[in-house]
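Colleague: I would like to learn how to read a model like this one, feature by feature. Could you walk me through it?

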Amino acid sequence: GRPLKVAAAQVGAVHRTTSRAEVLDRLIKLLEDAAKQEVKLVVFPETTFTTFFPRYYITDDAELASYYELETAETGPITRTKKVKAFFDKAQQLGLDVQIGYGEDTGNGRYNTAVYVSGKTGDVLNKYRKIHLPGSMEPFDLDPNTTNQLEKRYFLPGDYGFQAFRASSLKDICGGSSPIVGQLICNDRRWAEGWRCYGLQGVEVLCCGYNTTAYAPQLWGGDQNISREKAYEEAMFHHKLVVQAHAYTNSMFCITAARSGNDDGRHPLIPGSMIVDPEGHIVAESKTEDDELVIAEIDLDDCKQGKERTFNLGKHRRPEMYGRLVEE
Ligand code: CDT
């Protein structure tokens with residue numbers, strides 16, 4: 001087999017007023033707990049270092065800028081930038097591979113980004129920029145209780161495509177063969193296209209962090225008078241539905257990590273951090289809405305059954321019939 005102990009690091013409420021220092025302390029504690037339990041790969045949420053700021057209509061440029069990490073030729077890679085260096089130093093010290101999401105500011109553009117960093121060398125093995133940006137350019141309204149979704153305003157669409165990579169850092173513990181990894185961010189998980197791009201590259205572990213609002217009728221459409229309880233249930237249902245289905249149809253494990261809890265006491269986010277196997281089963285899931293590690297020992301060889309039989313893409317696909325998928 002090719003065993004690998006993995007974790008989703010769920011991160012509970014982070015308010016608009018929560019300090020960077022507090023968030024970093026909490027993330028470092030999650031890393032330490034993971035290392036104690038001999039985990040080798042930890043997946044963190046989307047925009048993990050701050051609250052999920054696209055829910056606010058922010059008119060103060062300085063406040064908006066504070067939610068991004070400045071990552072330019074001068075500042076160097078994210079792992080060396082002052083505001084978050086302590087997190088990456090700790091991961092490397094503990095020998096943990098991590099995926100973590102953050103707002104990236106290149107100086108020329110802002111993206112919703114996730115990096116995968118080697119626990120062996122501290123190098124960024126891959127960077128992914130979110131491709132499907134949900135929501136709108138303009139706020140629904142200016143009521144501070146409204147949960148907006150202004151990602152189209154604050155980010156450019158990702159321009160790296162869906163590029164799989166080998167986590168060479170995990171080669172030795174995975175029977176001498178590096179895991180093939182793919183990255184998605186939040187809303188991307190609802191779109192079959194990204195998953196299939198990764199399936200076609202033989203991905204074995206898909207890592208996905210998210211911030212999914214548990215109540216925002218304007219955003220989801222459907223019944224505008226839906227109760228909070230029903231909205232939460234629906235959001236959890238759709239989250240699990242897409243992850244389990246796409247993990248199954250692409251014969252890969254998926255690790256999903258939530259930013260969850262009730263931000264500012266009025267913007268609830270669903271939990272649902274999970275580890276899903278290539279048959280679509282949930283093998284571990286979060287029990288709280290707080291900071292929590294969800295851990296499983298997986299065997300990458302379990303991807304073989306699907307990849308070689310039911311979803312043998314080379315054998316059973318009919319791409320000549322799929323032209324519509326890439327028409328504008
Ligand atoms: N962060 C993010 O992408 N959230 C979206 C909210 C719903 S958009 C209809 C999500 O897909 O979970």
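Colleague: Let me start with one strand: how many of the six residues of β9 are buried?

Modeller: First, the ground rules. This is a predicted model, in which local features need pLDDT of at least 70 and side-chain atom pairs count only at pLDDT 80 or more, while totals for chains, interfaces and linings use all residues. Residues are numbered from 1 along each chain as its sequence is written. A residue is buried if 20 or more other C-beta atoms lie within 10 Å of its own, exposed if 12 or fewer, and partly exposed in between, with C-beta atoms placed from the backbone. Helices (H or I, at least four residues) and strands (E, at least two) are DSSP runs, numbered from the N terminus. For β9, six of the six residues are buried, so the strand is largely enclosed by the rest of the structure. Val205, Cys207 and Gly209 point one way, and Leu206, Cys208 and Tyr210 the other way.

Colleague: In which sense do β8 and β9 pair?

Modeller: Two strands pair if DSSP finds at least two bridges between them. Here β8 and β9 are parallel, with five bridges, and Ile185 has Gly209 in β9 as its bridge partner. Both strands belong to an open sheet of six, in the order β7-β8-β9-β10-β13-β14, with mixed pairing. β7 (165-166) and β14 (282-285) are its edge strands, each pairing on one side only. Further along, β10 (residues 253-258) and β13 (residues 274-276) run antiparallel over three bridges, where Cys254 is matched with Val276 in β13.

Colleague: Now hairpins: how many residues lie between β4 and β5?

Modeller: Four residues separate them, and Gly107 in that turn has a positive phi of about 95°. β4 (residues 97-105) and β5 are joined by eight bridges in the antiparallel sense, with Tyr102 standing opposite Thr113 in β5. β5 also forms a hairpin with β6, this time with six residues between the strands, and Gly122 in the turn has a positive phi of about 80°. That antiparallel pair, β5 and β6 (residues 124-129), has five bridges, and Val117 is partnered by Val124 in β6. As for burial, seven of the eight residues of β5 (residues 110-117) are buried.

Colleague: How do I read the buried side of a helix, and which residues of α5 are buried?

Modeller: Look at the arc, which is that of the directions from the helix axis to the C-beta atoms. In α5 (residues 192-200), the buried residues are Gly194, Trp195, Tyr198 and Gly199. They cover an arc of only 140° around the axis, which puts them on the same side of α5. To see what covers them, use contacts: two residues are in contact if their C-beta atoms, placed from the backbone, lie within 7 Å. The cover includes β8 (180-185), β9 (205-210), α7 (228-249) and α9 (313-316). Just after α5, Gly202 takes a positive phi of about 75°.

Colleague: And what covers the buried residues of α3?

Modeller: The buried residues of α3 (residues 85-93) are Phe87, Phe88 and Ala91. Their arc is only 90° around the axis, which puts them on the same side of α3. Their cover includes α1, β4 and β5. Gly95 follows the helix, with a positive phi near 70°.

Colleague: Can a loop residue be read like this too? Why does Val39 count as buried?

Modeller: Val39 counts as buried because it has 22 C-beta neighbours inside 10 Å. It lies in the loop between α1 (20-36) and β2 (41-43). Leaving aside residues up to four places away in sequence, Val39 touches Lys5, Val6, Ala7, Ala34, Leu96 and Ile295.

Colleague: Finally, which residues are around the ligand?

Modeller: A residue is near a molecule or strand if its C-beta atom, placed from the backbone, lies within 6 Å of it. The residues around the ligand include Glu46, Pro134, Cys186, Arg190, Tyr210 and Trp220. Tyr210 is also one of the buried residues of β9.

Colleague: And the chain as a whole: what share of its 328 residues is buried?

Modeller: For the protein chain, 45% of the 328 residues count as buried. The secondary structure comes to nine helices and 15 strands.
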